[in-house]
Amino acid sequence: MQAFETYSLILCIVVFVSLCALFSVLITVLVKSTLRIIYAGLDDEKIKQEYIQEQSKKQSKVFSVLTNVLMIFLCVVLVCVLAFSLYSKFTQNTKLGAIPTVKSVETGSMQEKHRDNTYLTEFDLNDQISAFDLVVLHQLPAEEDLKVFDIVVYENRGYFIIHRIVDIEEPNALHPNERWYVLRGDANQHADEFPVTYSQMCSIYRGERIPFLGSIVTFMQSPAGILCFVLVLFSTIALPIVEKSIKKATDTRLVAMGLVDTQDPKKDDEPIKTGADI
């Protein structure tokens, strides 16, 4: 991570902790207030009406189970997306081993063929990459195996750029100990400002990409995305706890009102007769 990204992440963590503390206090106060109202019997009429409506609908428990399964599934998906995003964040900027990684492309410098880059048409190079594509990156081949028109990721001044090799300068009097690689984005009219050495390169792109999915990964990699994920997770954990407390208090009042017989659980599922039904 760059210094600014680290600072942003720390700031988001501080904001998150503060918000969680504030929400926890507010939720606790609200729940305690609601429970006092329920136990005092001030909400009995509303509880009775809601219970009667629920029983009259004969709602199957299958719906409740499916809802819980869906919530768990969504949480698992979010966790997987976050883990995948963080993995790609911390591996895309290093030299890769045998395990490929992914990168979200953030600019359109490889998105189309610039009219001056005639070699793209001449050699039928149609592996362009659009902004926010998710690309699969592989381990760099040996330096001598890199060739013109390969697409690689390299580092320059703390930024990581994915461009095409358009020329290779073999060692000469100017740089006797290393090859120089000239790179250019397909949509750019001019080559990159400085030649690139093999030591600056991190990985190679071999044409595998998923359009537009990179926007989600980019967001999840950001401090704001991580913060949103943790807030959703916090809500997912807190909501069932709150609902359980209120349900327990409501059931207590239902028993006190004689609508539920604790000695006969089956009566929970039977419709309650009202004055209109007698």
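**Salt bridges, strand pairing and confidence in the predicted model**

Arg-209 is partly exposed, with a relative accessibility of 37%. This residue belongs to a predicted model, in which Arg-209 forms a salt bridge with Asp-133, with 2.5 Å between the closest N and O atoms. Because Arg-209 lies in strand E6 (residues 201-210) whereas Asp-133 lies in the loop between H4 and E2, the pair ties together parts that are 76 residues apart in sequence. The surroundings of the two partners can be described in terms of accessibility: Asp-133 has a relative accessibility of 0% and therefore counts as buried, the cut-off being under 20%, whereas Arg-209, at 37%, counts as partly exposed.

The protein as a whole contains six helices and six strands, and from the N terminus on its elements follow the order α-α-α-β-α-β-β-β-β-β-α-α. Of the 278 residues in the protein, 32% are buried. When contacts between residues at least 6 apart in sequence are considered, 67% of them join residues that are at least 24 apart. The accessible surface of the protein amounts to about 17500 Å², and carbon and sulfur atoms account for 63% of that area.

Strand pairing is described here for E3, E4 and E5. Strand E3 (residues 151-156) and strand E4 (residues 159-169) run antiparallel and are joined by six bridges, with Ile-151 having Arg-164 in E4 as its bridge partner. The two strands form a hairpin in which two residues lie between them, and Arg-157, which is in the turn, has a positive phi of about 55 degrees. E4 is also joined to strand E5 (residues 180-184), again in an antiparallel arrangement, by five bridges. Among the residues that face one another across this pairing, Ile-168 stands opposite Tyr-181 in E5, and Glu-169 stands opposite Trp-180, likewise in E5. Strand E5 is mostly covered, as four of its five residues are buried. In a regular strand, side chains alternate between the two faces of the sheet.

The count of salt bridges in the model comes to eight. Side chains of opposite charge can pair when their charged atoms come close. One of these pairs is formed by Asp-127 and Arg-164, whose closest N and O atoms are 2.6 Å apart. Distant parts of the chain are linked by this pair, since Asp-127 is in the loop between helix H4 (118-122) and strand E2 (134-138) while Arg-164 is in strand E4, with 37 residues separating the two. Asp-127 has a relative accessible area of 27% and is therefore classed as partly exposed, whereas Arg-164, with a relative accessibility of 0%, is buried. Arg-164 thus appears both in this salt bridge and as the bridge partner of Ile-151.

A further salt bridge is formed between Glu-170 and Arg-179, for which the closest N and O atoms are 3.0 Å apart. Glu-170 is partly exposed, with a relative accessible area of 42%, whereas Arg-179, at 14% relative accessibility, counts as buried because this value is under 20%. Through salt bridges that share partners, Asp-127, Arg-164 and Asp-186 are joined into one network.

On the surface, a nonpolar patch of about 450 Å² is made by Leu-70, Met-71, Phe-73, Leu-74 and Val-77. Of these residues, Val-77 is found in helix H3, and its relative accessibility of 35% places Val-77 in the partly exposed class.

The confidence of the prediction varies along the chain. The mean pLDDT of the protein is 80, with 82% of its residues reaching 70 or more. Confidence is highest in E5, at 96, and lowest in helix H3 (residues 61-91), at a mean of 72; the assignment of Val-77 and its place in the nonpolar patch concern this helix. Over residues 263-278, pLDDT stays under 50, and for this stretch the model has 15 contacts beyond four places in sequence.

Methods:
Residues numbered from 1 in each chain as written. Heavy atoms only, no water. Pairing = 2+ DSSP bridges. Salt bridge = Lys/Arg side-chain N within 4 Å of Asp/Glu carboxyl O. Buried < 20%, exposed > 50% of the residue type's maximum accessible area, 1.4 Å probe, protein only. pLDDT = per-residue confidence, 0-100. Contact = heavy atoms within 4.5 Å. Patch = residues over 30% accessible without salt bridge, like charges linked within 9 Å, V, L, I, M, F, W, Y side chains within 5 Å. Areas by Shrake-Rupley, 256 points an atom, 1.4 Å probe, with all protein chains shown as cover.
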